[in-house]
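Welcome, and please open your viewer before reading on. We will go from one selection to the next, with a note at each stop on what to look for.

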Amino acid sequence: MRVLIVDDSPIALALLKQALAKGGHQVDAVESGEEALEWVRKGVHRLIISDWDMPGLDGLALCRKVREISTHYVYFILLTSHRGSDYIVTGLSAGADDFIVKPFNPEELLLRVHTGERIVSLESRDMVVFAMAQLAESRDRETGKHLERVRKYAQLLARRLMSVPRFAGRLDDRFVQLIYETSPLHDIGKVGIPDAILLKPGRLTSEEFAIMRTHTTLGAQMLDAALEKFPDAEFLRFARDIVACHHERFDGSGYPNGLAGEQIPLCARIVAVADVYDACTSNRVYRAAMTHEETAQIISDGSGTHFDPAIVAVFLELADEFRRICRQWADVALPARVDDAAVFTLANTAVDTLSLTAVP
Amino acid sequence: MDDGQLAVTLLERFTARLPVVIRDVESAMAASDWSAAAAKAHRLRGEAANLSAIDLQAQATRLEAALRAGSLDEAAGCLPALQSAADAFVRSLPLALGQIHTSCCEATSRR
């Protein structure tokens, strides 16, 4: 990882640099907060280690600046000779993530940097996954809240299902976190559907509908290709199951493979309910949004045919929470186009994240 | 640069600057610039700690604390002890460098 170190003492800098380089990190070293700020504006580093006491812009002020101007999350470690909870509270309030007491122990330093590396990679992974999903979605939706709502509905259902005996042992906090992170990708395969079909205002012909249905297999193929590169990436496998199977139906009448019951991965059965609920309660060009009650009736009627009855039962218990999310994340109009700077940042973040993910 | 070489370089650099650093602290105190003096004492303490110059670190810490507390007489009283800790550090340097050299040679011959 590329680390920025800031200390007004060249001796401290030399020692830090040596320890970090031994840990395999690429290091940029500067002797003042002002020089560090120039690097921060370039947005190159995801992790900064800064001395607290420096003339001019000190570690605390630098940390506040980083929080103010960085477009992505930067893990900030303060080096300090101060001990005691007052100092920790001051440092944390300025936005620092961790502290290292001087003189530092090189092993401790590397462990703390490793922790920072993990946190930064998780954060940027979630961001990239969501941004990828948004790009795919931006072609056929007028608004951007659909993905946010679907991930919240899916998370809610998954968390409640943890207490259902039939799912004991298959559902845990990790599952809930993964469904939250990856459910926004459910329609990622739509990037491969031609505009003439995806954006067609009227009813699709049966040929067109057949092409539309391939968004499940197209999306699964994209994620399979990624899985070949990163076979241990659990979240990719999870996302693949959702993408491939969220249009399967419990009675085997869905697509693309006509899977039934337990053959359909649990995460996809959950997302199926979340996605249909959101589709019904959203406005469409050809119809107004349905109420929660009308939608709940449709989902209830689909219990055992379209949906897993256990998930429908849990959904019915969660009516208030579904209504609340639906209201809180109601659609607003999106800007007309994505600006180039945002796409550029996204592309850079994606490259960073892939290189981070590749580290075992 | 291996650890031994780095230690030698840093110790020599620190020792070369030590008289200037102490003079700077004294000048800041003479000019009644207490916060600058405290900042300089702080940095000296940090660097001494990094290089395991324990006594020098302790004396610099005392001086910094006195300056930050505004106990100016006490701060002035810290200066002789700081100077003698610095002298002792400089006297012990050849021995320290010799030990680094020996341990580096041992490490190399064990390889």
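**Helix pairs, one helix face and two residues of chain B**

Start by selecting residues 146-161 and 319-328 of chain A: these are helices α6 and α15, which pack at an angle of about 165 degrees with their axes 10 Å apart. Keep in mind throughout that this is a predicted model. At that angle α6(A) and α15(A) are roughly antiparallel to each other, and α6(A) passes α15(A) in a right-handed crossing. To see the contact, show side chains: α6(A) brings A:R149, A:K152, A:Y153, A:L156, A:L157 and A:R160, while α15(A) brings A:E321, A:F322, A:I325 and A:C326.

Next, move to residues 292-301 and 309-317 of chain A, helices α13 and α14. Their packing angle is about 160 degrees, and their axes are again 10 Å apart, so α13(A) and α14(A) too count as roughly antiparallel. Here, though, the crossing is left-handed. The residues to display are A:H292, A:A296, A:I299 and A:S300 from α13(A), along with A:V312, A:F315 and A:L316 from α14(A), which make the contact.

Now select helix α3 of chain A, residues 59-69, and colour its buried residues: A:G59, A:L60, A:L62, A:C63 and A:V66. Where do these buried residues fall when seen down the axis of α3(A)? Turn the view to look along that axis: they lie within an arc of 160 degrees, so they line one face of the helix. A reminder that helps here: an α-helix has 3.6 residues a turn, so residues three or four places apart point the same way.

With that face in view, add its packing partners in chain A: the strands β1 (2-6), β3 (47-51) and β4 (75-80), and the helices α2 (33-42) and α4 (85-93). Before leaving, zoom in on the N-terminal end of α3(A), which A:D58 caps. One of its side-chain oxygens lies 3.3 Å from the backbone nitrogen of A:L60.

Our last two stops are in chain B. Pick B:N50 in helix α2 of that chain, residues 34-50. Is B:N50 buried or exposed? Its relative accessible area is 15%, so B:N50 is buried. Show chain A alongside, and you will find B:N50 touching A:I11, A:A12, A:L15 and A:P103.

Finish at B:Q5, in helix α1 of chain B, residues 3-30. B:Q5 is partly exposed, at 45% relative accessibility. Select B:I100 as well: 95 residues separate B:Q5 and B:I100 in sequence, yet their C-alpha atoms are 8.6 Å apart in space.

How values were computed:
Residues are numbered from 1 along each chain as its sequence is written. Chains are lettered from A and ligands numbered from 1 in the order in which they are written. This is a predicted model: local features need pLDDT of at least 70, side-chain atom pairs count only at pLDDT 80 or more; totals for chains, interfaces and linings use all residues. Side-chain values use heavy atoms; hydrogens and water are left out. Buried means under 20% relative accessible area, exposed over 50%, partly exposed in between (1.4 Å probe, protein chains only). Helices (H or I, at least four residues) and strands (E, at least two) are DSSP runs, numbered from the N terminus. The arc is that of the directions from the helix axis to the C-beta atoms. Contact means heavy atoms within 4.5 Å. A polar contact is a pair of N or O atoms within 3.5 Å; within protein, one must be able to donate a hydrogen and the other to accept it, and residues adjacent in sequence count only if both atoms are side-chain atoms. Axes are lines fitted to C-alpha atoms, for helices over the stretch in contact, and angles run from 0 to 180 degrees between N-to-C directions. Angles under 35 degrees count as roughly parallel, over 145 as roughly antiparallel, 65 to 115 as roughly perpendicular and the rest as oblique. A crossing is left-handed if the near helix is turned anticlockwise from the far one by less than a right angle, and right-handed if clockwise.
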